[in-house]
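I opened the notebook to record what I looked up in this model, taking the core before the helices and the loops. The entries follow in the order in which I made them.

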Amino acid sequence: MKKRNLILTAALFAMTASLAACGGQKPATTQPAAATAAETKGGDQKEEPKEDQKPEETAAASAEKTRYEKILESGVLKVGTEGTYKPFTYHDDNNELCGYDVEAARAIGEKMGVKTEFSEITWEGLLTSLDTGTVDLVLNQVGVTDERKAKYDFSAPYLYSYIALITKTDNNDITDWDSANGKKTSLNVSSNYALIAEKYNMDITASDTFSKDIELLLAGRTDCVINNTIAFNDFLTQKPDTPIKIAAVLEQADTVAVPITQGNDDLVEAVNKAVAELKADGTLTELSNKYLGKDFSKELTLEDRKSTR
């Protein structure tokens, strides 16, 4: 009996151990490859954005304002000019900055609905001030040349001047551009007049102002001066007894416009709109007559050109 009981006990023990072993083995499951840390914690949380992903910075970058938008926002148009080039940009007897270009700049600012502030900069530094963002525009009798057009955009012309070859009254050797070939002259070496002097193989002396050019001419240190008919007329208005004359004038007008850093199409459009309105309402004509004695805001006929003193 005891033996039978022992056998039954042993059998029950074996069955119990077998069941325990089977109950401890769970079927293997495959964890999804795309499972995230959040999912293994049993939550439905979305993955946190990485530190280098900053939506606010991306939005700010895409919403960066253009130069024109910044001008409107600040209410100030920054303009570079020399302040030493009469009658375009100079100081009057009350030391107030004035001149054709200065007042044209103020009028452009008014058309834009902003205030114009000037920075007086030497000619050599004017275009550089555009590059560095010191100023928004330059109004200083900047002629439109192919070299400048490669680097800057230009507005529509706001003045048409004519380049003149100037000599002493008693000079009968220089009568046209060809006869000035190889002669001595003085001018600003970074101006577009230098290109003409180089074309005619002239011996150039560096100078900063038109009055200095005339001084060197009268002293006999140079043979001729290259500048525009407007500057010539103004000089004789101030000093009518000066013994100088115009020997020749280039037929093609030297267009004067506003240089603007490339990539600012909305600013170019705004300046063009302002210039067009100033021509249409007669403002530029009035300013030209006031400072230049003639309407140079539009291209002159050949007859008008020849009649220019």
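Which residues of the largest nonpolar core touch the most other members? I kept in mind throughout that the model is predicted. The core in question has 66 residues, and I found that Leu165 and Ile226 are the ones that touch the most other members. I then looked up which element gives the most to this core and found H11, with 7 residues. I also noted a second, separate core of 10 residues, which includes Ile121, Leu126, Leu130 and Ala257. As background I wrote down that nonpolar side chains tend to be buried together in soluble globular proteins.

**Entry: Leu165 and its surroundings**

I listed the contacts of leucine 165, leaving aside residues up to four places away in sequence, and among them I found Ile174, Trp177, Ala180, Met202, Val225 and Ile226. The list also includes Asp176 and Lys245, and Cys224 is another residue on it. I looked up Cys224 in turn and found it buried, with a relative accessible area of 0%. Cysteine 98 is buried as well, at a relative accessible area of 8%. For disulfides my count came to 0.

**Entry: the protein as a whole**

I counted 13 helices and 14 strands in the secondary structure. Of the 309 residues in the protein, 40% are buried. When I took the contacts with a separation of 6 or more, 69% of them were between residues 24 or more positions apart.

**Entry: H11 and its helix partners**

Having met H11 as the element that gives the most to the core, I turned to its packing against other helices. H5, residues 100–112, packs with H11 at an angle of about 110 degrees, and the two axes are 9 Å apart. I therefore recorded H5 and H11 as roughly perpendicular to each other. On the H5 side of this contact I found Ala104, Ala107, Ile108, Lys111 and Met112, and they meet Leu267, Ala270, Val271, Ala274, Val275, Glu277 and Leu278 in H11. By class, the contact of H5 with H11 has 10 nonpolar, no polar and 2 charged residues.

H4, residues 67–74, packs with H11, residues 265–280, at an angle of about 60 degrees, with the axes 7 Å apart. I entered H4 as oblique to H11, because of that angle. Here Arg67, Tyr68, Glu69 and Ile71 of H4 meet Asp266, Leu267 and Ala270 of H11. Sorted by class, the contact of H4 with H11 has 4 nonpolar, no polar and 3 charged residues.

**Entry: H10 under cover**

How many of the 10 residues in H10 are buried? I found 8 of them buried, so that I noted this helix, residues 229–238, as mostly covered. The buried residues are Thr229, Ile230, Ala231, Phe232, Asn233, Asp234, Phe235 and Leu236. Looking for what covers them, I found that the list includes the strands S7 (159–161), S8 (163–168), S11 (224–228) and S12 (244–249), together with the helices H9 (210–218) and H12 (283–292).

**Entry: backbone points in the loops**

Before going through the loops I reminded myself that most residues other than glycine have a negative phi, and that most peptide bonds are trans. I found a cis peptide bond joining lysine 86 and proline 87, where omega is about 5 degrees. Proline 87 lies in the loop between strand S1 (76–81) and strand S2 (90–91).

Asparagine 95 has a positive phi, near 65 degrees, and is not a glycine. I placed asparagine 95 in the loop between S2 and strand S3 (97–98). Is asparagine 95 buried or exposed? At a relative accessible area of 55%, asparagine 95 is exposed.

Glutamine 141 also has a positive phi, of about 55 degrees, although it is not a glycine. I placed glutamine 141 in the loop between strand S5 (137–138) and helix H7 (146–149). Its relative accessible area is 10%, and glutamine 141 is therefore buried.

**Entry: Gly133**

I closed with glycine 133, which lies in the loop between helix H6 (123–132) and S5. Glycine 133 is partly exposed, with a relative accessible area of 22%. Not counting residues up to four places away in sequence, glycine 133 touches Arg67 and Lys78. I also looked up threonine 261, 128 residues apart from glycine 133 along the chain, and found their C-alpha atoms separated by 8.8 Å.

Methods:
Residues numbered from 1 in each chain as written. Predicted model: local features only at pLDDT ≥ 70, side-chain atom pairs only at ≥ 80, totals over all residues. Heavy atoms only, no water. Axes fitted to C-alpha atoms, helices over the stretch in contact; angles between N-to-C directions. Helix = DSSP H or I, 4+ residues; strand = E, 2+ residues; numbered from the N terminus. Parallel < 35°, antiparallel > 145°, perpendicular 65-115°, else oblique. Contact = heavy atoms within 4.5 Å. Nonpolar A, V, L, I, M, F, W, Y, C, P; charged D, E, K, R; others polar. Core = buried A, V, L, I, M, F, W, Y, C linked by side-chain atoms within 4.5 Å. Buried < 20%, exposed > 50% of the residue type's maximum accessible area, 1.4 Å probe, protein only. Disulfide = S-S within 2.5 Å.
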